[in-house]
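Please read this report alongside the sequence and the structure. It covers domains, the ligand shell, helix packing and backbone details.

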Amino acid sequence: MNGQLDGKAVVVTGAGRGLGEAFATHAAQAGACVVVNDVDADLAERTTANITAHGGRAVASGHNVADADQAAALVDLCVAEFGTVDGLVNNAGLNYEAVSWRDDPDDVRALIETNVLGVIYVGTAAARVMVDGGRGGSIVNISSGASLGQRKLAAYSASKGAVASLTYSWALDMEEVGIRVNAVCPLAHTRMVWTSERSLRNCPPERTPARIAPLVLFLLSDDAHGITGQLIRCNGPELHIMGQPYVKQPVLHRQVWDSASVRRAFTEVFAAHLEPYGLEKRVPPTLREWTGVAAPGASWPRRSA
Ligand SMILES: NC(=O)c1ccc[n+]([C@@H]2O[C@H](COP(=O)([O-])OP(=O)(O)OC[C@H]3O[C@@H](n4cnc5c(N)ncnc54)[C@H](O)[C@@H]3O)[C@@H](O)[C@H]2O)c1
């Protein structure tokens, strides 16, 4: 045990396997008392047993974060067992691949309920305990590089974009009550990656979840004092801050924008300011002939001259 989280009570959601399991076991090794949550209760028990067998303190929770009452009960369990909540890793998440026009509404709903509502339910319940306790705390949300936009991952990307936005807003709201809020965009070899051939190509087996744990532990710990509102990506070897969306110059002014002035804005000014989009930084079609970038296999309908 290295003592980085000595005396802290930490909740880790989705901690029965993958990244969450690594965050929970490393937090316990660093001295934290841990609520090991997973909707797959057997897996939560397994991680908990592993922690306690190695001398750590942990309790298992099989609550479903997508249910507001269960999310609150999960946080209450931490208070009942360990007296308070000092840290939360909002890690539980679902993923699937589909081209956007084949998205199944039930899959979309389940994903949003866990990845967005679950994060909100557990995060706000934990924040209430932290505020009432008056000692502040640290929330680490798990977002994704996919939040920038990724092919066949539209619903997942949207959910992780929502997590990024929540992080910025919570960091603004919660600074005055001493709660730091950051988000991590990990890449690690887990079940989520095994189920996607494309992800598997980008994520070899040596990119283990354990390689992301030191970043999450740092953000939970008092060493990260003063660090809040940040989105930080770690894919194993690389660690970097993610840039945040901003209002891009030039900002044009008209008393009223009509269809002619909007069109002029695009043809005379914005044409050269369009942004590459998505995680792959795809160059917008109108700029490709200037930049020499080939279209990515798309048959873009051409305007007649
Ligand atoms: N693996 C990666 O490369 C990667 C990349 C970017 C982001 N992420 C994010 O990291 C987090 C962990 O992913 P992982 O790769 O370890 O996935 P995983 O599928 O291996 O583990 C996720 C765990 O969350 C649990 N879970 C799902 N829904 C739940 C719910 N409603 N309540 C409680 N637990 C629930 C699952 O049972 C599972 O054990 C996710 O939020 C994921 O989106 C992962």
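## Domains

The domain assignment splits the protein into domain 1 (9–241) and domain 2 (259–291). The C-alpha centres of domain 1 and domain 2 lie 36 Å apart. The model is predicted.

## Ligand shell

The ligand is surrounded by 32 residues. Gly14, Gly18, Gly93, Thr190 and Met192 are the closest. Three elements give two or more residues each to this shell: helix 1 (18–29), helix 4 (105–133) and helix 6 (191–194).

By class, the shell holds 14 nonpolar and 14 polar residues. The other 4 are charged.

## Helix 4 against helix 5

Helix 4 also packs against helix 5 (residues 154–174), and the two axes come within 9 Å. They cross at roughly 15°. Angles under 35 degrees count as roughly parallel, so helix 4 is roughly parallel to helix 5. The crossing is right-handed.

On the helix 4 side, the contact is made by Val108, Leu111, Ile112, Asn115, Val116, Val119, Ile120, Gly123 and Ala127. Helix 5 brings Ala155, Tyr156, Ser159, Lys160, Ala162, Val163, Leu166, Trp170 and Met174. The contact residues divide into 14 nonpolar, 3 polar and 1 charged.

## Helix 3 against helix 4

Helix 3 (residues 68–82) is another partner of helix 4, with axes that come within 9 Å. Here the axes cross at roughly 35°. Helix 3 passes helix 4 in a right-handed crossing.

Ala68, Ala71, Ala72, Leu74, Val75 and Val79 make the contact from helix 3. They meet Gly118, Tyr121, Val122, Ala125, Ala126 and Val129 of helix 4. This contact has 11 nonpolar residues and 1 polar residue. It has no charged residues.

## Backbone details in loops

Which bond joins glutamine 249 and proline 250? It is a cis peptide bond, with omega about 0°. Proline 250 sits in the loop between strand 8 (239–241) and helix 9 (259–269).

Lysine 152 has a phi near 65°. That is a positive value in a residue other than glycine. Lysine 152 is placed in the loop between strand 5 (137–142) and helix 5.

## Helix 4 in summary

Helix 4 appears in several parts of this report. It gives two or more residues to the shell around the ligand. Its axis comes within 9 Å of the axis of helix 5. The axis of helix 3 also comes within 9 Å of the helix 4 axis. Helix 4 is roughly parallel to helix 5.

Technical notes. Residues numbered from 1 in each chain as written. Predicted model: local features only at pLDDT ≥ 70, side-chain atom pairs only at ≥ 80, totals over all residues. Near = placed C-beta within 6 Å. Helix = DSSP H or I, 4+ residues; strand = E, 2+ residues; numbered from the N terminus. Nonpolar A, V, L, I, M, F, W, Y, C, P; charged D, E, K, R; others polar. Domains from an automatic or database assignment. Axes fitted to C-alpha atoms, helices over the stretch in contact; angles between N-to-C directions. Parallel < 35°, antiparallel > 145°, perpendicular 65-115°, else oblique. Left-handed = near helix turned anticlockwise from the far one by under 90°. Contact = placed C-beta atoms within 7 Å.
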